[in-house]
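I opened the model and kept notes as I went. The entries follow the order in which I looked things up.

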Amino acid sequence: MSSSIIKKTSTATGFIKAIESGSKHLLMKRFTLRFPEQKLKFVGDGYQFDPKRGVGIAGSRGRHILFHEKCTGCQLCAITCEGIAEAIEMVKVNEKWKQNKKSIMPQIDYGKCVFCGLCVDACPFYALYMTNDFELSSFTKEHLIYTPAQLAVKPKYDGTVEVKIDERGASHR
Amino acid sequence: MTNKYSESLDSKFKETTNLGLEVVKEASEDRLMKLSVGPQHPGSGHFRFTIKVDGDYIVYCDPDPGYVHRGEEKMCEYRNYIQNIPHLERPVIHDSTNITYSYSLAVEELLGIEVPRRGQFIRAIASELNRQVYTLYWLAIYGIFLGHSTMFMWPTGDRELFIDLLAALTGARVTHAFNIPGGVRNDIPEGFKEKCLEYIKYFEKRLKEYEDIFYNNPLFRQRTENVGILPKQDAIDLGVTGSVLRASGIPHDVRKVEPYDVYNEIDFKVQYMKTCDSFARAYVPFLDMRESCNITRQLLEKMPESGEVRVKLQSNPKGRIGEAYKRVESGRGALSYYIVSDGSSKPYRVKISVGSFRNILALPHLLVGSRLGDMPSIYWALNYWPVEADR
């Protein structure tokens, strides 16, 4: 094991090398992602969890999606969230499902949610997943609260841009 | 500290006498000017320190951490072992995988579980990638702190590569909540390995350019070389850690000294320098980034092709009665957790010891006796993250 020593160059060489290295970038591609026009492509359809194996499936952790036909109203997601963000509240719904006797389903406040995805890990009935949708901003606080009906909608996300690397540098294309 | 103060002052007075200037030997209080740096200074982060200057020389420094104290340790006592993960990564969101890494290790010891081999590799990879993200962010701030705008743009842009990898792996760009007692939350996605190797190859090319434009730049070297000398013995006495300790000539790295998970199978060198100045403290993290690329490549090669990544736990696991202490190497040095359990599902006491807080103890030692203009290069080279230090 030996300590590292950086070679000392003369002042003129140092400046010339710095300018040379910087001016090369005039010919290189811009790395910036132009966000509203370009959108990043994500791996998969969002974070999911397999309770049988006890392992998640890799994906982006954005807005949730709730499958009404699977939700039993067991409140495990809300109990998990209690100690984390207190974003999930169980609310009454007007639907009648065989598996959901109490007719309660989670309602998520995205003003509080931290997108940790532990509610998805807690769900034993494959009812709550996450999606690629991350554009949730709104003008009022009330619009950030998503009801069970809103959570059932599958979002449309059409990101196509990826980081590509070639001899002219890295860029979003 | 008083001895050093008067000694350094003496030598400065000698210096000014040689210039033929009139000198007042005793620095009286009204001769000094008090300056407050922070807590909302754009560069210092949420951290305040008070300095007193005599002309251009700093004669007194009083760091005052605590502006963003959130009581993380107390919060841990009211949540179970799994629920603690998202809030524990808040102190240092740029290095969130490493701050939950040692927590997971400690809790695993309390629960008496062993992580599957593939899970150990995946979290080591995530830890290495996240260390790159943190170091690049730190380097960007260091660059703009010294007035080098290009060095702000380049690392911020290249950081995006690693964020991209981590987003594909964990699902979130910054706060990953990926490590969990018992392993990692999910397996690696398809095509991750190839993407990771491609990005690392490109990044290593970029590191050469960093050296040309920043580290070999005469302007940068003049501002950092022979500035803020922290001798070897002082570094040991003050108890600094991480890159600051390694810049003072001590090859100490938790990954080498106390290998955790799979690090004993990885072949890597501990990078250190003997010059003990600000330049060494800025250059050692850079060398670490290069070494980290090497480590990631080895981890990807040696990772088992398939297997479990996580132990299936009950939703509210209970730890045995006892205590656990584990530490990992984070971007800012040793990061350790000491957890006491009383047998319930919540920890009885959690103590977090972070590198930032230990490094900031060296700040008064380095600043007193130096020039005011050297303050930025000394302060940010300490690799200090105020929010993490306050916890």
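**Entry 1: a strand pair in chain B.** I began at B:Met33 and found that its bridge partner in E2(B) is B:Val53. The model is a predicted one, so I take this pairing as computed. I then looked up the two strands concerned: E1(B) and strand E2 (residues 48-54) of chain B are joined by five bridges in the antiparallel sense. They belong to an open sheet of three strands, ordered E1-E2-E3 (chain B), with antiparallel pairing. I noted strand E1 (33-37) and strand E3 (57-64) of chain B as the edge strands, each pairing on one side only. On average, neighbouring strands in this sheet are turned by 20° against each other, direction ignored.

**Entry 2: another sheet in chain B.** I went on to an open sheet of three strands with the order E6-E7-E8 (chain B), where the pairing is antiparallel. Why is one side of strand E6 (321-330) and of strand E8 (347-353) of chain B left without a neighbour in the sheet? Both stand at the edges with a single partner strand each, so one side of each has no neighbour there. Here I read an average turn of 10° between neighbouring strands, direction ignored. Strand E7 (residues 333-342) of chain B pairs with E8(B) over six bridges, in the antiparallel sense. I also wrote down one opposed pair: B:Tyr337 stands opposite B:Ile352 in E8(B). Helix H4 (residues 96-111) of chain B packs on this sheet and touches E6 and E7 of chain B. The direction of that helix makes about 150° with that of E6(B).

**Entry 3: where the chains meet.** I counted contacts next: 44 residues of chain B are in contact with 36 residues of chain A. Which elements give two or more residues to the chain B side? I found helix H6 (149-170), helix H7 (192-215) and helix H12 (278-302) of chain B. H6(B) gives the largest share of that side, seven residues. By class, I have 21 nonpolar, twelve polar and eleven charged residues on the side of chain B that touches chain A.

**Entry 4: the nonpolar core.** The largest nonpolar core has 136 residues. The members that touch the most others are A:Cys119, B:Leu165, B:Leu363, B:Leu367 and B:Leu382. Helix H5 (residues 117-145) of chain B supplies the largest share of this core, 13 residues. I looked at B:Leu165 in more detail. Not counting residues up to four places away in sequence, B:Leu165 touches B:Leu129, B:Lys195, B:Cys196 and B:Tyr199.

**Entry 5: a glycine in chain A.** I located A:Gly44 in the loop between helix H1 (11-23) and strand E1 (48-50) of chain A. A:Gly44 has 16 C-beta neighbours inside 10 Å and therefore counts as partly exposed. Leaving aside neighbours within four places in sequence, I list A:Ile57, A:Ala58, A:Gly59 and B:Pro189 as its contacts. I also checked A:Gly44 against A:Pro155: they are 111 residues apart in sequence and 14 Å apart in space, C-alpha to C-alpha.

**Entry 6: confidence.** I left the scores of chain A for the end. The average pLDDT of chain A is 85, and 95% of the residues score at least 70. Among the elements of chain A, strand E3 (residues 64-66) of chain A has the highest mean pLDDT, 91, and strand E9 (residues 169-172) of chain A the lowest, 82.

Notes: Residues are numbered from 1 along each chain as its sequence is written. Chains are lettered from A and ligands numbered from 1 in the order in which they are written. This is a predicted model: local features need pLDDT of at least 70, side-chain atom pairs count only at pLDDT 80 or more; totals for chains, interfaces and linings use all residues. pLDDT is the predictor's confidence in each residue, from 0 to 100. Helices (H or I, at least four residues) and strands (E, at least two) are DSSP runs, numbered from the N terminus. Two residues are in contact if their C-beta atoms, placed from the backbone, lie within 7 Å. Ala, Val, Leu, Ile, Met, Phe, Trp, Tyr, Cys and Pro count as nonpolar, Asp, Glu, Lys and Arg as charged, and the others, Gly among them, as polar. Two strands pair if DSSP finds at least two bridges between them. Axes are lines fitted to C-alpha atoms, for helices over the stretch in contact, and angles run from 0 to 180 degrees between N-to-C directions. A nonpolar core is a set of buried Ala, Val, Leu, Ile, Met, Phe, Trp, Tyr and Cys residues joined through C-beta atoms within 7 Å. A residue is buried if 20 or more other C-beta atoms lie within 10 Å of its own, exposed if 12 or fewer, and partly exposed in between; C-beta atoms are placed from the backbone.
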